[in-house]
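Let's take a friendly walk through a protein model. Have a look at the picture first, and then we'll go through it piece by piece.

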Amino acid sequence: MLVTDLYAGRQTVQISTRPSSHDEAILTMNAVHLHKLSEDEWFAIYAQSYWRTQQLFDEHPQALQQALCHSARC
């Protein structure tokens with residue numbers, strides 16, 4: 001989504017979903033409990049993921065690039 005936003009020149013996820021601070025806990029879920037999540041909980045996890053990726057892109061682009069290349073075996 002972040003790459004799509006960069007190419008499209010717009011944000012896909014609303015600014016209101018941005019975590020209030022860099023220290024705010026990120027939602028984590030055990031895979032066993034994922035099927036029990038409500039639609040709102042899924043959206044919260046999705047939005048947090050988007051904003052954390054945006055934060056990495058803004059503050060540490062080289063770390064994000066390394067992580068993505070490592071997972072894709074660049």
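## Contacts and overall layout

Of the contacts in the protein chain with a separation of 6 or more, 65% are between residues 24 or more positions apart. Keep in mind that this is a predicted model. The protein chain has three helices and zero strands, so reading along the sequence gives you the pattern α-α-α. There are 74 residues in the protein chain, and buried ones make up 19% of them.

## A look along α2

Helix α2 runs over residues 39-59. How far apart are the end C-alpha atoms of α2? They are 30 Å apart, which agrees with the 30 Å that its 21 residues should span at 1.5 Å a residue.

Now for what's tucked away. In α2, the buried residues are Ala47, Gln48, Tyr50, Trp51, Arg52, Gln54 and Gln55. And what do the buried residues of α2 pack against? Their packing partner is α1.

Three residues of this helix deserve a visit of their own: Arg52 is in α2, Gln54 is there too, and Tyr46 also lies in α2.

Start with Arg52. Is Arg52 buried or exposed? It's buried, because its relative accessible area is 14%, and the cut-off for buried is under 20%. Gln54 also counts as buried, because its relative accessibility is 14%. Each of these two has a side-chain partner, and here they are together:

| Side chain | Partner side chain | Polar contact |
|---|---|---|
| Arg52 | Gln55 | 3.2 Å |
| Gln54 | Asp58 | 2.8 Å |

The partner of Arg52, Gln55, is itself on the list of buried residues in α2.

Then there's Tyr46. It counts as partly exposed because its relative accessibility is 41%, and that label covers values between 20% and 50%. Which residues does Tyr46 touch, leaving aside its neighbours within four places in sequence? The answer is Met1 and Val13. Here's another pair to find on screen: Tyr46 and Thr17 are 29 residues apart in sequence, while their C-alpha atoms are 9.7 Å apart in space.

## The largest pocket

Time to look at empty space. Rolling a probe the size of a water molecule over the atoms shows where empty space is left. How much space lies in the largest pocket? About 170 Å³.

If you want to find the largest pocket yourself, pick out its lining: Leu2, Val3, Leu6, Thr53, Phe57, Pro61, Leu64, Gln65 and Leu68. At least two of the lining residues come from each of α1 (2-8), α2 (39-59) and α3 (61-72). Which helix gives the largest share of the lining? That's α3, with four residues.

What kinds of residues are these? The lining of the largest pocket splits into seven nonpolar residues, two polar ones and no charged ones. So as you turn the model around, you can look for Leu2 and Phe57 among the lining residues, and then go back to α2 to look for Trp51, one of its buried residues.

Definitions and conventions:
Residues are numbered from 1 along each chain as its sequence is written. This is a predicted model: local features need pLDDT of at least 70, side-chain atom pairs count only at pLDDT 80 or more; totals for chains, interfaces and linings use all residues. Side-chain values use heavy atoms; hydrogens and water are left out. On a 1 Å grid over the protein atoms alone, a cavity is a set of points where a 1.4 Å probe fits but cannot get out, and a pocket is an open set with protein on both sides within 12 Å along at least five of seven lines; lining residues have an atom within 4 Å of a point. Grid points are joined across faces, edges and corners, and a volume is the space filled by probe spheres set on the points. Ala, Val, Leu, Ile, Met, Phe, Trp, Tyr, Cys and Pro count as nonpolar, Asp, Glu, Lys and Arg as charged, and the others, Gly among them, as polar. The expected span of a helix is 1.5 Å times one less than its number of residues. Buried means under 20% relative accessible area, exposed over 50%, partly exposed in between (1.4 Å probe, protein chains only). Contact means heavy atoms within 4.5 Å. A polar contact is a pair of N or O atoms within 3.5 Å; within protein, one must be able to donate a hydrogen and the other to accept it, and residues adjacent in sequence count only if both atoms are side-chain atoms.
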